[in-house]
Amino acid sequence: MKTKKITTTLFVGLFLACLSAQEGLDAQKMAEYQSREMAKELKLNDAQQGRIEAINLKYAKKMFAIREADGGMFGKMGEIKALKKAKHTNLEAVLTPDQMEKYREELEPKFRRYFRKQMGP
C-alpha cells in the first residue's frame, strides 16, 4: 500500500515536472478535461457537475502553483501528496461512494496516462 502511494506521488510529480513542456496546457484546460471525463464516466448530476468543476479548477491551479514554485520535484512530493488528499476529501463530499471508487480506480490512472501522452514521447 505504501509503495502504491509513493508510486502515485512520483507519477504526479513527473506529470507536474513536464507540464511546462506541454505548450498550451494550463490549469484551466486540465480542469476542463478532468471535469468532462468525470461527468461522462461517473454520470454526474447537474449539482455534482458544478461542484466538481470548481474542485478540479481549484486543485489544478494549486498543482500548477506547486510546480512553478522554487525547488526540486522530490522536495515537493509532500505538498503534492497533501494536495491530493485534500482533493479526495472534497470529492468525497460530492461523489457517492461508488463514484469515488471508480474515480480512484479508473479515472485517476486514465488522467495520468492522458497527460503523459500529451507531453509527447
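This section describes the secondary structure, aromatic contacts, salt bridges and surface charge of a predicted model.

The chain contains five helices and zero strands. In sequence order, the elements follow the pattern α-α-α-α-α. The chain has 121 residues, of which 40% count as buried. Two of the helices recur in the contacts described below: helix 2, which spans residues 27–42, and helix 5, which spans residues 97–118.

Aromatic contacts were examined over the whole structure, and the search returned two aromatic pairs. One of these pairs is formed by Tyr33 and Phe111, with an edge-to-face arrangement. Their ring centres are 5.7 Å apart, and the angle between the planes is 70°. Because Tyr33 belongs to helix 2 and Phe111 to helix 5, this pair ties together parts of the chain that are 78 residues apart in sequence. Both partners fall below the cut-off for burial, which is set at under 20% relative accessible area. Tyr33 has a relative accessibility of 8% and therefore counts as buried. Phe111 likewise counts as buried, since its relative accessibility is 4%. Tyr33 and Phe111 are also members of one aromatic cluster, in which Tyr103 takes part as well.

The charged side chains form five salt bridges in total. One of them joins Lys40 and Glu37, with an N to O distance of 3.6 Å. Lys40 and Glu37 are both located in helix 2, where a spacing of three residues places them about one turn of the helix apart. Glu37 is a charged residue that nevertheless counts as buried, because its relative accessibility is 9%. A further salt bridge of Glu37 is made with the side chain of Lys110, at 2.5 Å from N to O. Lys110 lies in helix 5 and Glu37 in helix 2, so this contact ties together parts that are 73 residues apart in sequence. Lys110 has a relative accessible area of 23% and is therefore partly exposed.

Lys110 also forms a salt bridge with Glu41, in which the closest N and O atoms are 3.8 Å apart. Here too the contact runs between helices: Glu41 is in helix 2 and Lys110 in helix 5, so the pair ties together parts 69 residues apart in sequence. Glu41, at 24% relative accessibility, counts as partly exposed. Through shared partners, these salt bridges join Glu37, Lys40, Glu41 and Lys110 into one network. Helix 2 and helix 5 are thus tied by the aromatic pair of Tyr33 with Phe111, by the salt bridge of Lys110 with Glu37 and by that of Lys110 with Glu41.

On the surface, Asp98, Glu101, Glu105 and Glu106 gather in a patch of negative charge. Of these residues, Glu106 is placed in helix 5, the helix that also holds Phe111 and Lys110. Glu106 has a relative accessibility of 46%, so it counts as partly exposed. Membership of such a patch requires over 30% relative accessible area and no salt bridge.

Methods
Residues are numbered from 1 along each chain as its sequence is written. This is a predicted model: local features need pLDDT of at least 70, side-chain atom pairs count only at pLDDT 80 or more; totals for chains, interfaces and linings use all residues. Side-chain values use heavy atoms; hydrogens and water are left out. Patches are made of residues with over 30% relative accessible area and no salt bridge: like charges are joined within 9 Å, nonpolar side chains (Val, Leu, Ile, Met, Phe, Trp, Tyr) within 5 Å. Accessible areas come from the Shrake-Rupley method with a 1.4 Å probe; for residues, only the protein chains shown count as cover. A salt bridge is a side-chain nitrogen of Lys or Arg within 4 Å of a carboxyl oxygen of Asp or Glu. Lys and Arg count as positive and Asp and Glu as negative; His and the chain ends are not counted. The place of a charge is taken as NZ of Lys, CZ of Arg, CG of Asp or CD of Glu. Helices (H or I, at least four residues) and strands (E, at least two) are DSSP runs, numbered from the N terminus. Buried means under 20% relative accessible area, exposed over 50%, partly exposed in between (1.4 Å probe, protein chains only). Rings of Phe, Tyr and Trp (its six-membered ring) pair if their centres lie within 6.5 Å; planes under 30 degrees apart count as stacked, over 60 as edge-to-face and the rest as tilted.
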